[in-house]
Amino acid sequence: MLSPQVARIRSFKVIPSLPEPLAPLLVIANNLWWTWHPEAVELFVRLERNLWRKYKHNPVKMLGACPQEALEEAARDEGFLTSMQRVLQNMNRHFTRTPWLQSMGLEPGRPLVAYFCAEFGLTECLQIYSGGLGGLAGDHLKSAAELGLPLVGVGLLYRHGYFQQYLNPDGWQQEYYPDLDFANLPVSRVRHGSGEQVRVAVQLPGRDVQVALWKVQIGVVNLYLLDTNLQENQPEDRGITGQLYGGDMDMRIKQEIVLGIGGVRALAAVGLKPDVYHMNEGHSAFLALERIRMLIAERALSFGEARQYAAAGNIFTTHTPVPAGIDRFPPEMIHRYFRDYHPSLKLDMEGLLALGRENVFAKDEFFSMAVLALRTADWANGVSRLHGHVSRAMWQNIWPGVPVEEVPITHVTNGVHARSWLSADLIYLLDRYLGERWHNKPADQSVWMAVNEVPDEELWRVRLRRRQRLIVWARQCLRRQLEARGTNPKQARAVADSLDPDALTVGFARRFATYKRANLLLRDGARLLRMLNNTDRPIQFIIAGKAHPADGGGKDLIRQIVQFARDSNARHKVVFVENYDIQVARYLVQGCDVWLNTPRRGMEASGTSGMKAALNGVLNCSILDGWWDEAHETDIGWAIGLGESYPNPDAQDEIESQALYDLLENQIIPLFYDRDEHGVPRQWVSRMKKCIATLAPMFNTNRMVQEYAEKFYLPAFRRASMLASDEMKKAVELAHQKERLHRLWHHLAVEEVRADTGTPLSVRDQFRVEVTAQLGELKPEEVRVQVYVGLLDNDGRIIDGKAADLSHQEALGNGRHRFQGSIATATSGRHGFAVRVIPGGEIFRDITEPGLIHWEQFSQQATSAGAVNIPNAA
């Protein structure tokens with residue numbers, strides 16, 4: 001091996017030499033459109049099946065290694081060439097299809113969205129992902145491509161990707177990090193017209209770091225990846241893009257500076273000017289600072305003025321239901337990395353640090369990337385209905401005085417890219433019954449109802465075929481793993497061959513974090529073994545997943561499963577498949593019968609593995625958490641418990657494990673083995689159909705990306721365009737108005753409230769409310785005086801309140817004003833209302849400004865015909 005430190009090494013690239021008729025194969029191989037089109041995958045399999053497997057489904061590497069005689073034979077094969085041309089025509093139709101926004105008449109000037117994420121799971125050969133977050137990001141790009149949404153992705157190109165996993169004889173996870181061979185991957189350098197690779201620079205303490213750009217094509221969508229592994233960088237800086245989620249806190253902040261700040265600069269370097277920036281998790285939140293810096297430099301704005309415009313086009317999606325999962329940096333680290341940067345923001349260091357604090361006055365509080373994102377984005381969301389509720393409660397402190405249900409964090413429930421996760425067998429079956437519409441109209445979710453037209457026998461035949469393929473593959477994995485751990489090859493083969501292709505097969509695959517409770521299944525080992533040893537109605541479990549290298553608790557969960565299987569002689573009934581990745585996930589979600597998920601409720605933001613399984617007619621059995629909390633129906637799957645909360649985790653584990661065993665013994669196993677005279681479990685297949693028809697339209701990323709466009713991308717584009725009009729006049733106006741309101745807000749007072757509530761009201765009755773408010777120097781059009789009304793709980797708190805504006809009636813002099821309105825009662829019961837003042841005017845539409853909400857206090861006067869106290873909702 002010759003090192004560049006010894007001699008100058010000049011690089012050059014060698015590309016596959018294909019016969020002229022096969023030239024389109026390189027075009028197809030270098031665009032990940034092929035990943036969701038099985039007919040394209042089949043081309044590479046037909047060409048050289050063994051190489052396709054050897055190189056982990058990497059068509060670029062495979063074409064370069066394919067024997068010349070095989071290529072020449074394919075070039076003479078009319079059938080192969082016809083299939084290739086058909087695939088190429090389908091690919092070309094993808095590029096010429098009318099975009100969804102345009103077809104719906106929703107496109108207001110074709111806004112460009114930049115989607116930032118620390119990882120992207122697109123295909124198994126491009127290992128720059130770890131799990132759910134990356135899988136979601138990859139599926140987001142694929143659906144954007146299918147819909148023709150103008151979107152670009154931005155991420156990091158990790159030289160070693162995420163770690164590869166194997167287990168030692170004791171079942172303890174081991175890790176290694178292979179080099180990714182970029183020259184033989186579907187990724188290309190981004191070059192200037194001169195041929196030089198495009199580069200940008202980011203500043204780290206005392207030095208500049210050069211960042212090179214690469215590009216991955218996903219249909220009509222481009223993903224730009226940043227790379228610091230350049231000779232001119234210092235060795236420690238070359239390693240910034242070395243490993244995904246590797247290294248210490250210093251490494252993490254350097255990666256996030258490169259992603260956020262470097263990513264914005266990279267887009268500018270290739271001539272792209274996005275209108276909307278989507279931060280998928282907080283890792284990329286420094287992009288907000290860079291956008292502000294660039295606006296200040298280009299438009300001579302103040303920090304506040306630039307922030308208003310930038311925030312209007314920034315969207316933040318949080319995936320973390322607990323504060324401990326957020327990246328947080330000590331103040332001294334922010335000082336060190338941003339001491340030369342913050343002056344370009346026209347902001348002192350204390351002002352910068354305040355952007356990352358929940359409590360802006362707590363100078364020792366760590367700098368939170370999620371808080372930075374929330375304070376610099378006008379749009380924020382969780383990733384399921386339940387997670388939206390959890391997130392509003394978790395971040396309520398940032399908006400003091402705002403009721404939790406009004407905290408400006410909504411939700412868009414995650415989905416998965418259907419065509420990437422459906423089995424080829426099921427795709428071909430659906431092609432016959434769903435027709436061309438599900439190919440040509442990716443925004444039309446109604447097509448899924450046609451699954452009910454599929455005969456039971458045909459759908460069950462697909463299920464049998466996919467389970468058999470899963471078992472054949474799992475046998476190979478298990479035999480290879482056992483031999484690597486020292487098991488006699490003959491014994492390993494015997495154990496592996498005992499996996500049953502006809503048995504009820506339950507899958508469990510996800511990141512091994514302790515809150516996911518992968519060992520819940522093992523809590524009553526004797527009861528589990530009775531099920532496993534039942535030869536009349538056999539059941540088997542196939543399990544996969546990685547624990548973070550620093551997560552000892554997660555690693556121990558893996559060890560417990562492996563040792564249980566070994567010590568109880570159930571290695572052929574409880575199988576752990578090593579090195580969980582997209583390929584492993586695909587086999588499992590397409591081949592299992594039941595998908596198991598056992599997190600502690602409230603800890604799973606969404607979860608997407610169960611969605612992938614459901615697309616394939618695999619029935620879910622899960623705790624009511626994340627997506628399953630809103631998806632569950634009794635005839636499409638099973639819920640473990642009823643969504644209860646427990647103060648004692650050990651008691652929770654005991655109760656929920658017994659509930660799981662009950663479901664398996666009394667419902668799931670009997671239903672699976674209830675067959676008719678043709679061997680078809682009719683009730684089971686009926687649930688499979690209902691599962692696909694109900695869940696596929698909702699929990700797929702085509703629906704999800706449409707929802708992001710309608711709820712966030714288009715409104716953000718419109719708001720940013722409004723603020724940018726007339727040379728940023730509205731953005732400047734908004735910044736100055738916020739400064740004015742913050743300066744004068746403490747002069748506000750609700751002096752008197754009069755309400756006609758002296759006698760009981762009937763449902764739908766209205767009553768009048770009159771408020772006298774002291775506004776000081778503020779004008780009535782600068783505020784909104786509202787009543788906040790709802791049912792009262794037993795502690796006198798308003799729950800699920802709604803706000804209604806009061807109309808300005810007259811100025812009373814000396815800053816005093818009278819407002820009036822009516823409240824309608826919709827339901828019976830004990831109600832209450834409170835009076836508040838918030839900012840007014842069109843310019844404040846769609847935003848909730850921290851610190852600008854004033855509630856009437858008990859010390860202020862409140863009168864009514866019945867002398868009713870107005871509850872304090874602050």
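In the predicted model, six strands form an open sheet in the order S17-S16-S15-S18-S19-S20, with parallel pairing. The edges of this sheet are occupied by strand S17 (574–577) and strand S20 (637–640); each has a single partner strand, so one side of each is left without a neighbour in the sheet. On average, and with direction ignored, neighbouring strands are turned by 20 degrees against each other.

Within the sheet, strand S15 (residues 504–509) pairs with strand S16 (residues 539–544) in the parallel sense, over six bridges. In this pairing, Val506 stands opposite Phe541 in S16. Helix H24 (residues 582–591) lies across S15, S16, S17 and strand S18 (594–597). The direction of helix H24 makes an angle of about 155 degrees with S16.

The nonpolar interior was examined next. In soluble globular proteins, nonpolar side chains tend to be buried together. The largest nonpolar core of the model comprises 190 residues, and Phe338 and Tyr713 have the most contacts inside it. Helix H29 (residues 701–744) gives the most to this core, contributing 16 residues. With residues up to four places away in sequence not counted, Tyr713 touches Val113, Tyr115, His140, Leu149, Leu151, Val276, His278, Ile315 and Tyr708. Another core, of 103 residues, lies apart from the largest one and has Ala509, Phe541, Leu619 and Trp638 among its members. Phe541 of this second core is thus also the residue of S16 that stands opposite Val506.

Helix H28 (residues 682–695) consists of 14 residues. From its first C-alpha to its last, helix H28 reaches 20 Å, close to the 20 Å expected at 1.5 Å a residue. Buried positions in H28 are Trp684, Val685, Arg687, Met688, Lys689, Cys691, Ile692, Ala693 and Leu695. Arg687 and Lys689 are therefore buried in this helix, as each falls under 20% relative accessible area.

A further buried arginine, Arg252, is found in helix H10 (residues 249–269). Arg252 has a relative accessibility of 17% and therefore counts as buried, the cut-off being under 20%. The side chain of Arg252 is joined to that of Asp327 by a polar contact of 2.9 Å. When neighbours within four places in sequence are left aside, Arg252 is in contact with Tyr245, His283, Asp327 and Phe329.

Methods: Residues numbered from 1 in each chain as written. Predicted model: local features only at pLDDT ≥ 70, side-chain atom pairs only at ≥ 80, totals over all residues. Heavy atoms only, no water. Helix = DSSP H or I, 4+ residues; strand = E, 2+ residues; numbered from the N terminus. Buried < 20%, exposed > 50% of the residue type's maximum accessible area, 1.4 Å probe, protein only. Polar contact = N/O pair within 3.5 Å; in protein donor to acceptor, adjacent residues only side chain to side chain. Contact = heavy atoms within 4.5 Å. Core = buried A, V, L, I, M, F, W, Y, C linked by side-chain atoms within 4.5 Å. Pairing = 2+ DSSP bridges. Axes fitted to C-alpha atoms, helices over the stretch in contact; angles between N-to-C directions. Expected span 1.5 Å × (residues − 1).
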